[in-house]
There are 2 protein chains.
Amino acid sequence: MSTLTSTPDALAQRLADSGLRSTPQREVIYDVLLKKRDHPTADEVFARVKSELPTISLATVYNCLETLVQCNLVRAVNFERGPTLYCPNLRPHAHFHDEQTGATHDIDLPEGLLAQVTTILPQGYDAKSVEIIFRGKAQSAR
Amino acid sequence: MSTLTSTPDALAQRLADSGLRSTPQREVIYDVLLKKRDHPTADEVFARVKSELPTISLATVYNCLETLVQCNLVRAVNFERGPTLYCPNLRPHAHFHDEQTGATHDIDLPEGLLAQVTTILPQGYDAKSVEIIFRGKAQSAR
DNA sequence: CAACAAATTGGAATGGTTCTAAGGTGCAAG
DNA sequence: CTTGCACCTTAGAACCATTCCAATTTGTTG
């Protein structure tokens with residue numbers, strides 16, 4: 001019931017809240033994101049979903065991902081130029097982009113850090129969101 | 001002389017350091033970036049440069065911008081999906097993306113903030129760079 | 001000034017995403 | 001029910017930013 005649940009059917013609920021329908025495509029896409037909590041591209045999601053829904057189209061994958069982003073069930077992330085990554089982690093977190101492997105890791109943020117970072121904004125700036133991106137290398141043994 | 005100068009000919013120097021030539025195209029592009037310190041796209045740079053160098057090609061603009069980025073004279077920035085923005089501000093700064101106007105503002109960072117933010121990284125993560133992006137609205141009266 | 005490397009050019013090609021038009025799906029009112 | 005209608009999905013075309021390519025041009029060095 002809370003706003004932070006990621007239960008299987010948070011989806012149906014959230015969609016309904018926005019006056020949208022729960023469809024097989026939307027559900028499978030959301031499941032696929034929850035199951036493997038990495039940062040797939042739309043293409044990658046397309047690939048994963050096809051085994052379940054062989055006739056789904058790439059356009060639908062884009063549509064559904066966009067819908068999930070609207071419903072705040074998924075975050076869209078863009079580093080550098082290149083395909084958008086989709087991230088089902090809803091807790092406040094930063095991203096670490098490993099330049100060797102190309103992998104993206106979530107870094108949980110300590111309580112209050114975002115608030116603190118926001119204090120650097122001069123008067124007149126009203127931030128609705130903050131994104132923190134690290135680039136570098138992560139030790140392989142993790 | 002110093003690593004932080006942005007004098008007109010820091011360019012020639014930096015290029016030489018990398019074994020590259022100083023060309024009219026590279027110079028005009030760099031000038032154009034220094035003159036109006038905003039966050040133009042390659043296309044926008046192309047437009048601005050054409051009045052000076054009417055026969056320059058878009059490919060050259062991309063090439064030169066890439067060169068400037070390599071030489072650390074310009075930063076390439078990507079918010080959301082969409083064209084890369086080029087930023088001649090070399091001091092450590094965050095970006096504020098005004099969602100109403102689409103404009104991007106530089107926010108200077110207080111001494112030590114990046115170091116501090118970096119401390120949230122768990123062991124084994126070695127960050128070479130940190131990027132902070134705010135989204136929201138900025139008061140128009142600025 | 002010849003020869004060679006570096007840089008620029010226009011146009012074609014690419015990759016990710018969005019658009020469009022046509023067809024399905026499922027609830028809702030008669 | 002069954003008809004209407006809004007919502008969804010689909011395939012493919014279109015789009016846009018960027019990169020690639022092959023052909024010049026420019027500059028430097030021997």
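## A tour of two pockets, two DNA strands and an axis

Start by selecting α4 (58-70), β1 (75-77), β3 (93-98) and β5 (125-138) of chain A, then add β5 (125-138) of chain B: each of these elements supplies at least two residues of the lining of the largest pocket. Helices (H or I, at least four residues) and strands (E, at least two) are DSSP runs, numbered from the N terminus. You are looking at a predicted model, in which local features need pLDDT of at least 70 and side-chain atom pairs count only at pLDDT 80 or more, while totals for chains, interfaces and linings use all residues. Residues are numbered from 1 along each chain as its sequence is written, chains are lettered from A and ligands numbered from 1 in the order in which they are written, and side-chain values use heavy atoms, with hydrogens and water left out.

### Stop 1: the largest pocket

To find the centre of the largest pocket, highlight A:Val69, A:Arg75, A:Ala76, A:Ser129 and B:Arg135, which lie nearest to it among the 32 lining residues. A pocket here is an open set of points, on a 1 Å grid over the protein atoms alone, where a 1.4 Å probe fits, with protein on both sides within 12 Å along at least five of seven lines; lining residues have an atom within 4 Å of a point. The space in this pocket comes to about 870 Å³, a volume being what is filled by probe spheres set on the points, which are joined across faces, edges and corners.

Now colour the lining of the largest pocket by class: you should get 16 nonpolar, seven polar and nine charged residues. Ala, Val, Leu, Ile, Met, Phe, Trp, Tyr, Cys and Pro count as nonpolar, Asp, Glu, Lys and Arg as charged, and the others, Gly among them, as polar.

### Stop 2: the second largest pocket

Which residues lie nearest the centre of the second largest pocket? Select B:Asn72, B:Val74, B:Arg75, B:Ala76 and B:Ser129, part of a lining of 27 residues. Two or more lining residues come from each of β5 of chain A, β1 (75-77) of chain B and β5 of chain B. β5(B) gives the most, with four residues. The volume of this second largest pocket is about 750 Å³, and its lining divides into 13 nonpolar, six polar and eight charged residues.

### Stop 3: the strands

Show the cartoon for β5(A). β5(A) pairs with β3(A) in the parallel sense over four bridges; two strands are said to pair if DSSP finds at least two bridges between them. Within this pairing, pick A:Phe96, whose bridge partner in β5(A) is A:Phe134.

Next, look across to the other chain: β5(A) and β5(B) pair in the antiparallel sense over 13 bridges. Click on A:Lys137, and opposite it in β5(B) stands B:Asp126.

### Stop 4: the axis

Try superposing the chains. A turn of 180° and a shift of 0.0 Å along the axis lay chain B on chain A with an RMSD of 0.1 Å. The two copies are thus related as by a two-fold rotation axis. The fit is by least squares on the C-alpha atoms of residues with pLDDT of at least 70 in both copies. To place the axis by eye, centre on B:Ile132, whose C-alpha is 2.3 Å from it, the closest approach of any residue of chain B.

### Stop 5: DNA strand C

Turn to DNA strand C and its 19 surrounding residues, of which A:Tyr62, A:Thr84, B:Arg21, B:Thr23 and B:Thr60 come nearest. A residue is near a strand if one of its heavy atoms lies within 4 Å of it. Of the strand C atoms within 4 Å of the protein, 76% belong to sugar or phosphate and the rest to bases.

Three polar contacts (pairs of N or O atoms within 3.5 Å) are good to label:

- A polar side-chain atom of A:Tyr62 is 2.4 Å from a phosphate oxygen of strand C.
- In B:Thr60, a side-chain N or O atom is 2.5 Å from a phosphate oxygen of strand C.
- A:Thr84 uses a polar backbone atom, 2.7 Å from a phosphate oxygen of strand C.

Two or more residues of the surface near strand C come from each of α4 of chain A, α2 (24-35) of chain B and α4 (58-70) of chain B. The largest share, four residues, comes from α4(B).

### Stop 6: DNA strand D

Finally, select DNA strand D. It has 19 residues around it, with A:Arg21, A:Thr23, A:Thr60, B:Tyr62 and B:Thr84 the closest. Sugar and phosphate make up 74% of the strand D atoms that come within 4 Å of the protein. For a close-up, label A:Thr23, where a side-chain N or O atom is 2.5 Å from a phosphate oxygen, and A:Gln25, where a polar side-chain atom lies 3.1 Å from a sugar or linking oxygen. α4(A) gives the most to the surface near strand D, with four residues.

Technical notes
A polar contact is a pair of N or O atoms within 3.5 Å; within protein, one must be able to donate a hydrogen and the other to accept it, and residues adjacent in sequence count only if both atoms are side-chain atoms.
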